[in-house]
Amino acid sequence: MKKSLSLLTALVAVVLSANAVEFAYDAGAEIVSTYIWRGLYNGGLSFQPDVEIGYDGNHTSFRAGVWANIGASDWGFRKGLPKYIDSEGSEINPNTYFVPELDVVLSFRTYGLTIGAYHYYYCDGSNFFSWQSVDQLDVNGNTSTTEIWAGYDFGYLTKAGLYFNWYTTIAGQDLNYDDEGNPTRAYSSYFEIGYDHTFENAGVTIGAVVGMSPWRNPTYGNSKFACTNISLKVNKEWEFEHVTLDLFAQGSLNPDGVNKENAFIKASGDEKIGCQKLNGTIGLGFWF
């Protein structure tokens, strides 16, 4: 038995050595003038911290991380509304609220292929996980969703910065309704084709993305198939001894059902979320 364990330990050591597996982490944050998510307006001025830890090898890596969005519109202050007791006996003050977004991220990459999962949660007092049946979700409600995704970076095989990603929601508040009003799982999905090109001497990267929704769903619209995101992003990066800074600008258009009324909505705050079709942002990121 001891001999077998010794051989197994040696084999594991050889594999780890061959792949040069090392502990790795990324930590930093971005400040953006507009929170744009897959071409959709998702909030105004925001602070977005991001932390990931894991292991990196020559061809393989595993990462687990947490990403958050803390937006100016997440803070609300009102006056004159009375406090009340909810059904669970808790005192609710409707004059103030704070509802940031918190995402948990897992990913595994090998030879250019990446598979992973996202869990999206809004800190609004609802359950962190909403892995319930569609009937329970329809009655109880919840704001969290869980999504799986897969992508391939063609840059692993060639020098071209071409990549493809597919995302599908598998749990949470993601419901369609049939003709009789019964809730069904929507499996909201989005896939994108992107291309990045970096001008090494200038430290500038230009990226373009075309994203589409393959079927009707509550997240990206009611069209059976639609292009929902055409984006262009320019990024300038500076590397220092202990920190990397990047300045970026992005413009996005959701061409699905766009018209002069919804291209730019004059109303502010939540009324724009998922509705405004033409969006842009500038941002500053810092990474350690």
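I take a charge to sit over a ring if NZ of Lys or CZ of Arg is within 6 Å of the ring centre and within 35 degrees of the ring normal. With that rule in hand I went through the model, which is a predicted one.

**Entry 1: charges over rings.** I looked up Lys-233 and found that it lies over the face of Phe-248, at 4.5 Å from the ring centre. I then turned to Arg-38, which lies over the face of Tyr-167, with 3.9 Å to the ring centre.

**Entry 2: the surroundings of Tyr-167.** Having met Tyr-167 under Arg-38, I asked which aromatic cluster holds this tyrosine, and I noted one made of Trp-37, Tyr-118, Tyr-120, Trp-149, Tyr-167, Tyr-190 and Tyr-220. Is Tyr-167 buried or exposed? I recorded a relative accessible area of 8% for Tyr-167, which makes this residue buried, and for Tyr-190, another member of the cluster, I recorded 0%, so that Tyr-190 is buried as well.

**Entry 3: aromatic pairs.** I noted that the structure holds 20 aromatic pairs. One of them is formed by Tyr-111 and Tyr-156, and I entered this pair as edge-to-face, with 5.7 Å from centre to centre and 80° between the planes. I then looked up where the two residues lie: Tyr-111 is in the loop between strand E10 (101-110) and strand E11 (113-122), while Tyr-156 is in the loop between strand E12 (145-153) and strand E13 (162-172), so the pair ties together parts that are 45 residues apart in sequence. Tyr-111 is partly exposed at a relative accessible area of 45%, and Tyr-156 is also classed as partly exposed, at 33%.

I next examined the rings of Tyr-167 and Tyr-190, whose centres are 6.2 Å apart and whose planes stand at 35°, so I entered this pair as tilted. The pair links distant parts of the chain, since Tyr-167 belongs to strand E13 and Tyr-190 to strand E16 (residues 189-199), 23 residues apart.

**Entry 4: a nonpolar surface patch.** On the surface I found a nonpolar patch formed by Val-21, Phe-23, Tyr-25, Val-51, Ile-53 and Tyr-55, which together have about 620 Å² of accessible area. Which strands each supply at least two residues of the patch? I noted strand E1 (22-32) and strand E4 (46-56), and of the contributors E4 gives the most, with 3 residues. I looked more carefully at Val-51, which lies in strand E4. Its relative accessible area is 46%, and I therefore listed Val-51 as partly exposed; because patch residues need over 30% relative accessible area, I checked that value against the cut-off before closing the entry.

Methods
Residues are numbered from 1 along each chain as its sequence is written. This is a predicted model: local features need pLDDT of at least 70, side-chain atom pairs count only at pLDDT 80 or more; totals for chains, interfaces and linings use all residues. Side-chain values use heavy atoms; hydrogens and water are left out. Patches are made of residues with over 30% relative accessible area and no salt bridge: like charges are joined within 9 Å, nonpolar side chains (Val, Leu, Ile, Met, Phe, Trp, Tyr) within 5 Å. Accessible areas come from the Shrake-Rupley method with a 1.4 Å probe; for residues, only the protein chains shown count as cover. A salt bridge is a side-chain nitrogen of Lys or Arg within 4 Å of a carboxyl oxygen of Asp or Glu. Helices (H or I, at least four residues) and strands (E, at least two) are DSSP runs, numbered from the N terminus. Buried means under 20% relative accessible area, exposed over 50%, partly exposed in between (1.4 Å probe, protein chains only). Rings of Phe, Tyr and Trp (its six-membered ring) pair if their centres lie within 6.5 Å; planes under 30 degrees apart count as stacked, over 60 as edge-to-face and the rest as tilted.
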